[in-house]
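User: Please go through this structure with me. For each term that is used, I would like to see the value and the cut-off behind it.

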Amino acid sequence: MSNAPRLTALDALHRSLGATMTDFAGWDMPLRYGSERDEHNAVRTKAGLFDLSHMGEITVTGPQAVDLLNYALVGNIGTVGLGRARYTMICREDGGILDDLIVYRLGEDEYMVVANAGNAQIVLDAVTARAQGFDATVRDDRDAYALIAVQGPESPGILKSLTDADLDGLKYYAGLPGTVAGVPALIARTGYTGEDGFELFVEPQHAEKLWQALTEAGAPAGLIPCGLSCRDTLRLEAGMPLYGHELTTALTPFDAGLGRVVKFEKDGDFVGREALTAAAERAESAPPRKLVGLIAEGRRVPRAGMSVVADGTVIGEVTSGAPSPTLGKPIAMAYVDAAHAAPGTPGVGVDIRGTHEPYEVVALPFYKRQK
Amino acid sequence: MSNPQQLRYSKEHEWLSAAEDGVSTVGITEHAANALGDVVYVQLPEVGDTVTAGETCGELESTKSVSDLYSPVSGEVTEANEDVVGDPSLVNSAPFEGGWLFKVRVSEEPKDLLSADEYTEFAG
């Protein structure tokens, strides 16, 4: 197998725009085009354009597609309506999180599972293995799609100028097939930024045309291309977990404070049910470390892996940290002992290269958009 | 990007001005500032500190990472740029001007500092 980085259909365009590229899960992706702070603020106040073609699409079809997904994933896929999407997870037999996913129901018996780039092969392998005995087909569609996201308050207006699709009728976490700038696309009202926005799944051959059309239509509204760096600060402000940081195989959904995604009441067995039942009971009787927000009083930035401390004792660990452009202060997500997890708990700090910097414990998210 | 001809450069991407009354100004290059991304925090050496060529004397924190600041020369710090402590984005917007970092009374300077042309080639 080649170790050369994978390139998206928009690679030449990114380079022509002067993007700083970075390796992300084996893909060469734009980190930023100019200032990541400007890109972040554009998404919060106007609009930003992202290439997310590294995400992994897996199509599941057939009479028992829904039964397979109910068995393979922890969510209840049976209640996902046609044209709707659901946030869910795939777990191991021991309850550890393999990945967090969005499942779109594209047809009566057709679903698209979108996995994180770094886990796409793992998810594909797991779903394929779990498909045994089900009348369903699992198809690797990673090369079938480019994914372009338009995020930010101006995104509905920008997209409306390029499509006849009924965007007003398109709810959050829903998707419909349509045409954008003459390009056939699955238009989904999803995102990872805390803003209103859309994700457009298109054939790679059409990606450049769509990107250019969105750039032109969006420029008057302040749309700019945005890289993965600001995507990370946007999702962090919005309190959204990132696989490999807040979510790992060492944690169950209950440990991550996301036990609500596990639907024990659904029909049939599912992978991880037994372990997750135990994890749910543990979470009731002896709460695990809780995921909280931390806001710096000073200016030094907490990073993943740094210790959270109180009275000189380690009480937790930072999972993600960055300077928040919206708050103007460094922020972090961290797992901390329940005794120190309440908002306003005094005396909590982060060990930043040997110095205990004071931090305020807050409830997540840091930022919630005005609807 | 162009690297001012009158400055000299280290391979750790600092620039050093010619000494005036024995005191030189130190900053990081535009190349380094661009590589860091938006700088959000700087920790500079304090006035009176002794810095040593090639050794850490502070840190520069950007959105994505923290980097050590090295001193390109040895000597005693005579001034730290408080403006850049208050507004670290000066490192990005004016790396060779308002974004300078500290001044140092040079006691010894390494022989391998680069000219502007040599640094431009080195930094690619």
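Analyst: In this predicted model, D83(B) is placed in helix α2 of chain B, residues 82–86.

User: Why is D83(B) called exposed?

Analyst: The relative accessibility of D83(B) is 55%. Exposed requires over 50%, and therefore D83(B) counts as exposed.

User: What makes the patch that contains D83(B) negative?

Analyst: The patch is formed by E79(B), E82(B), D83(B) and D87(B). Asp and Glu count as negative, so a patch made of such residues takes that sign.

User: How do you know that D11(A) and R15(A) form a salt bridge?

Analyst: The closest N and O atoms of D11(A) and R15(A) are 2.7 Å apart. The definition asks for a side-chain nitrogen of Lys or Arg within 4 Å of a carboxyl oxygen of Asp or Glu, so the pair qualifies. Both residues lie in helix α1 of chain A (residues 11–16), 4 residues apart, which is about one turn of the helix. In general, side chains of opposite charge can pair when their charged atoms come close.

User: Why is D11(A) described as buried or exposed, and what is R15(A) called?

Analyst: D11(A) has a relative accessibility of 10%; buried means under 20%, so D11(A) counts as buried. R15(A) has a relative accessible area of 41%. That value falls between the cut-offs of 20% and 50%, and R15(A) is therefore partly exposed.

User: What makes R139(A) and D141(A) a salt bridge, and how is each residue classed?

Analyst: The closest N and O atoms of R139(A) and D141(A) are 3.1 Å apart, and the limit is 4 Å, so this pair is a salt bridge. R139(A) is partly exposed because its relative accessible area is 41%. D141(A), with 7%, is buried.

User: How do you know that D269(A) and R273(A) belong among the salt bridges?

Analyst: For D269(A) and R273(A), the closest N and O atoms are 3.4 Å apart, and this distance is within 4 Å, so the criterion is met. R273(A) has a relative accessible area of 23% and is therefore partly exposed. Elsewhere, salt bridges that share partners join R300(A), R303(A), R353(A), E357(A), E59(B) and E61(B) into one network. Over all chains, the structure holds 23 salt bridges.

User: Why does E199(A) count as buried, and what does UniProt say about this residue?

Analyst: The relative accessibility of E199(A) is 7%, and buried means under 20%, so E199(A) counts as buried. The residue is found in strand β13 of chain A, residues 197–202. An unreviewed UniProt entry annotates E199(A) as "binding site".

User: What makes S320(A) buried, and where is S320(A) found?

Analyst: S320(A) has a relative accessibility of 3%; this is under the 20% cut-off, and therefore S320(A) counts as buried. S320(A) is found in strand β17 of chain A, residues 313–324. Its C-alpha atom and that of M306(A), 14 residues apart along the chain, are separated by 9.3 Å.

User: Which domains does UniProt list for chain A and chain B?

Analyst: In chain A, the unreviewed entry gives "domain: GCVT N-terminal" for residues 12–266. That span is 25% helix and 30% strand, with its end C-alpha atoms 46 Å apart. In chain B, "domain: Lipoyl-binding" is listed, also from an unreviewed entry, for residues 23–105. The end C-alpha atoms of this span lie 4 Å apart, and the span is 19% helix and 43% strand.

How values were computed:
Residues are numbered from 1 along each chain as its sequence is written. Chains are lettered from A and ligands numbered from 1 in the order in which they are written. This is a predicted model: local features need pLDDT of at least 70, side-chain atom pairs count only at pLDDT 80 or more; totals for chains, interfaces and linings use all residues. Side-chain values use heavy atoms; hydrogens and water are left out. UniProt positions are given in the numbering used here, feature names are shortened, and annotations may be inferred rather than shown by experiment. Helices (H or I, at least four residues) and strands (E, at least two) are DSSP runs, numbered from the N terminus. Patches are made of residues with over 30% relative accessible area and no salt bridge: like charges are joined within 9 Å, nonpolar side chains (Val, Leu, Ile, Met, Phe, Trp, Tyr) within 5 Å. Accessible areas come from the Shrake-Rupley method with a 1.4 Å probe; for residues, only the protein chains shown count as cover. The place of a charge is taken as NZ of Lys, CZ of Arg, CG of Asp or CD of Glu. Buried means under 20% relative accessible area, exposed over 50%, partly exposed in between (1.4 Å probe, protein chains only).
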